[in-house]
Amino acid sequence: MKRMWNVAALGAVVIIGLGTFAIDSKASTAEWVLDVKTNESVWENQKIQAFYETEDEVQERFEITRSGSEVTTHLNYVEEALKQRERVNPTMRKFYRQMTNLSFTQSLRTKEEYVGIGQKGNDEIILFRTEGNDIATTTFPSNVSGAVEVMEGNWHGIFVQDGRVHLIYRDGYDRQAATKIAVFDEGAVEITLEEISIEDGFISSVVGTSRFYDENRMTIAADNRFLPVRLGTYETITEDGQTYTNETERPGVYAYDTEEKRVVELKAEGDMWGATVYEDQLIVLQEDGTEFVVDLKTGKQSTRQVIDGSVGTTWYVDDQLYHIRPTKEGAVIDVYQDGKAISSAVVKATNDAAKALVSNTKYYLQ
């Protein structure tokens, strides 16, 4: 009886705890709405995240759709799990479950599939792909030539070329580190290593690949000749008689040329933080509201005017640019594609509780 009572009491505590979190998360009475003005089809699967901040600390979170808003501040674990399950289809749940069981994962999305790679301790490298509704995996154990070096390296991203997965990594430390590519042959279970020559720097990331779950993953065409990358460089700093090496991002827009096997500079100024890769195009939003576009098959470059006036908060989904500008009532969101406006929507605070938050609320696309 005592054991049964203790179990019942513990269950009551857990239920009360979850209930408390649920009540707290719904405490705000602020309400918002997304009012689409043109081209409603653009917004069928899109949601706006609103964050009310004070002194750089988020106080309230809201998820806004055409049907209204929902408070998402301090959701309990059950609610978070249910929302996550709603967002991801069953095949992708298998894919991301594979990622959670590995370390140092990198993944990308091509037009045909999702591809990922990760380590299982220091014993194996696991390469996995979506294959219909299932996940196909290939294991490269530590006794495969090159596997140990790759596992001990610093991973920076992957790409697909000639049907094979290529992993960019650094072998070594600081200025003595070499930037290399590991090419994985899944049929033969072999790894080929190649070195990339980069003067006083390294590839810090491959645009479009990620270590984490991402709902708005870029769709990258396989076998693009030019692979958009970010470059890091080294700087020497001396403080209090101590000299050390620091890593920093190198300004400019760069790509790895898979034919000539070298990094090329696409644009000397600017960066790729406001950028997207969509199939065979790199699109970079610049400070003046223009887009710098690169054909990743040929390397051909062009520029087009998109946003007139000051640039607010921007977000890319595939090749669509969402431009968010705050207003006294909420925000205006304009959507552009191929340099042309294709849709417009307004986020509105619909009651006094929401209107009181507007001045310190920021909006992002989920």
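## Lys362 and Glu53

Let's start with a pair from distant parts of the chain. In this predicted model, the side chains of Lys362 and Glu53 come together in a salt bridge, with 3.5 Å from N to O. Lys362 sits in strand S27 (residues 361–365) and Glu53 in strand S2, so this pair ties together parts that are 309 residues apart in sequence. As for its surroundings, Lys362 is partly exposed, at 41% relative accessible area.

## A network of charges

Some salt bridges share partners. Arg225, Asp257, Glu259, Glu260 and Arg262 are joined into one network that way. Across the structure, the count of salt bridges comes to 17.

## Glu40 and Arg66

Here's another pair to look for: Glu40 makes a salt bridge with Arg66, and their closest N and O atoms are 3.0 Å apart. Glu40 is in the loop between strand S1 (32–38) and strand S2 (48–54), while Arg66 is in the loop between strand S3 (57–65) and strand S4 (68–71), so the pair links parts that are 26 residues apart in sequence.

Are these two buried or exposed? Glu40 is partly exposed, with a relative accessibility of 44%. Arg66 counts as partly exposed too, at 41%.

## Asp35 and Lys37

Asp35 and Lys37 also pair up through their side chains, in a salt bridge of 2.8 Å from N to O. Asp35 has a relative accessible area of 28%, which makes it partly exposed. Lys37 is partly exposed as well, with 48% relative accessibility.

Why do pairs like this form at all? Side chains with opposite charges can pair when their charged atoms come close.

Terms used. Residues are numbered from 1 along each chain as its sequence is written. This is a predicted model: local features need pLDDT of at least 70, side-chain atom pairs count only at pLDDT 80 or more; totals for chains, interfaces and linings use all residues. Side-chain values use heavy atoms; hydrogens and water are left out. A salt bridge is a side-chain nitrogen of Lys or Arg within 4 Å of a carboxyl oxygen of Asp or Glu. Buried means under 20% relative accessible area, exposed over 50%, partly exposed in between (1.4 Å probe, protein chains only). Helices (H or I, at least four residues) and strands (E, at least two) are DSSP runs, numbered from the N terminus.
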